[in-house]
Amino acid sequence: MKRLVDKLWDEHRLTPDEYRALLIMRDAQDIDYLMDQARTVSQLHFGRGIYLRGLIELSNVCRNDCLYCGIRRSNCHVERYTLSHDQVLACCEQGYKIGFRTFVLQGGEWGEERSRWIADLIGDIKKGWPDCAVTLSLGEHPRETYALWRDAGADRYLLRHETHHPRLYSLLHPQGMSLAQRLQCLDWLKELGFQVGTGIMVGAPFQTLGSIIEDIEYLVDFQPQMIGLGPFIPHHDTPFRRFPAGSVEMTAKLYAILRLAMPKTLIPSTTAMATLAPDGRCRGILAGANVVMPNLSPTDTRKQYSLYDNKAALGAESAQGVKILADELAAIGYHIDWSRGDSPQ
Ligand code: 5AD
């Protein structure tokens with residue numbers, strides 16, 4: 001097993017069978033070796049500093065109906081909200097004072113009639129805090145909309161591909177959505193000069209080891225600047241309510257494999273990791289992740305942005321709790337890096 005980890009370190013790529021061997025390995029010493037090497041690579045490029053991104057959950061209104069997601073259109077138990085322009089600016093103001101230099105605007109997928117509104121918002125954030133990066137996570141849109149947002153000053157875009165297996169993709173998404181369209185969006189974003197993040201849910205219903213290996217290969221080919229991976233967690237008002245959650249262990253293994261395959265990629269230790277295990281966020285960092293995205297949304301709307309059950313939003317998950325986060329990081333020998341944290345690639 002060590003030989004495979006060393007090969008991945010040297011060559012940044014393995015064969016499908018070799019990836020499989022790493023994904024199924026269970027020996028504690030082998031797993032430790034994988035984690036140690038991933039951590040070392042991460043420290044080589046980023047030191048022991050962890051970048052922060054302030055997450056602003058813009059709206060839980062969504063035209064889409066993804067089967068895994070708590071804010072899907074057909075969930076009539078959700079009280080829908082959209083932050084006002086001024087509310088978003090107030091989040092940025094508060095975040096800037098705490099020290100955040102990246103704001104991530106995430107929300108459900110809207111129709112194009114509201115794209116101008118987003119562009120104006122991006123413009124005002126860039127005007128108010130020109131030293132900050134603006135990241136968008138707003139789903140699939142036509143190329144022109146992405147271009148409009150890029151021209152307005154947005155720097156980065158997060159759009160997980162969710163799975164690179166077309167049949168699995170269609171089991172997770174409503175009719176009318178396709179993997180081909182998702183990949184097209186990712187190509188457009190890259191062409192337009194966004195720093196792009198993509199990724200998957202680990203342990204999603206119907207996922208197989210084979211499909212995870214295809215995801216790794218897609219990620220290595222696509223070379224995103226960021227990789228967003230979190231365990232699947234069921235939401236009680238979705239068709240997937242009875243499926244088991246993914247595991248922190250498998251997600252951490254994937255962080256480590258992807259860190260070795262793509263040494264300079266930004267990898268957040270995601271909220272879903274923190275939700276599944278009290279030490280989930282730290283386990284992600286010890287597997288080579290180097291970003292955390294605390295929640296900067298107004299406290300009263302956080303519970304309405306429920307993509308999955310029991311989503312962590314308080315303590316170290318909240319922007320107001322950065323002291324708790326700093327202490328957690330210090331306990332494992334890391335610290336917050338307050339810089340903008342652009343991709344070194
Ligand atoms: N469990 C874990 N992650 C989820 N997401 C959506 N629903 C869930 C869930 N039930 C993730 C998707 C999406 C991101 C914003 O949140 O991967 O891309």
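In the classification applied here, Ala, Val, Leu, Ile, Met, Phe, Trp, Tyr, Cys and Pro count as nonpolar, Asp, Glu, Lys and Arg as charged, and the others, Gly among them, as polar. The model is predicted, and local features need pLDDT of at least 70, side-chain atom pairs count only at pLDDT 80 or more, and totals for chains, interfaces and linings use all residues. Residues are numbered from 1 along each chain as its sequence is written, and side-chain values use heavy atoms, with hydrogens and water left out.

Open and enclosed spaces were located on a 1 Å grid over the protein atoms alone: a cavity is a set of points where a 1.4 Å probe fits but cannot get out, a pocket is an open set with protein on both sides within 12 Å along at least five of seven lines, and lining residues have an atom within 4 Å of a point. The second largest pocket holds about 160 Å³ of space, a volume being the space filled by probe spheres set on grid points joined across faces, edges and corners. Its lining, which includes T299, R302, Y305 and Y308, comprises five nonpolar, three polar and three charged residues. The largest pocket has a volume of about 200 Å³, and its lining contains seven nonpolar, one polar and four charged residues.

Three cavities of 30 Å³ or more were counted. The largest cavity, of about 1,000 Å³, is the space taken by the ligand, where a molecule sits in a cavity if more than half of its atoms lie within 2 Å of its grid points. Of the 50 residues that line the largest cavity, Q106, S137, R160, E162 and L307 lie nearest its centre. The lining divides into 26 nonpolar, 15 polar and nine charged residues.

Residues around the ligand (with a heavy atom within 4 Å of it) include Y68, Q106, R160, E162, I233 and Y308. This shell has eight nonpolar, one polar and two charged residues. Polar contacts with the ligand (pairs of N or O atoms within 3.5 Å) include one in which a polar side-chain atom of E162 lies 2.6 Å from a ligand oxygen atom. Nitrogen atoms of the ligand lie 3.0 Å from a backbone N or O atom of Y68 and 2.7 Å from a backbone N or O atom of I233. The protein covers 87% of the 400 Å² of accessible area that the ligand has on its own, as computed by the Shrake-Rupley method with a 1.4 Å probe.

Note on methods: A polar contact is a pair of N or O atoms within 3.5 Å; within protein, one must be able to donate a hydrogen and the other to accept it, and residues adjacent in sequence count only if both atoms are side-chain atoms.
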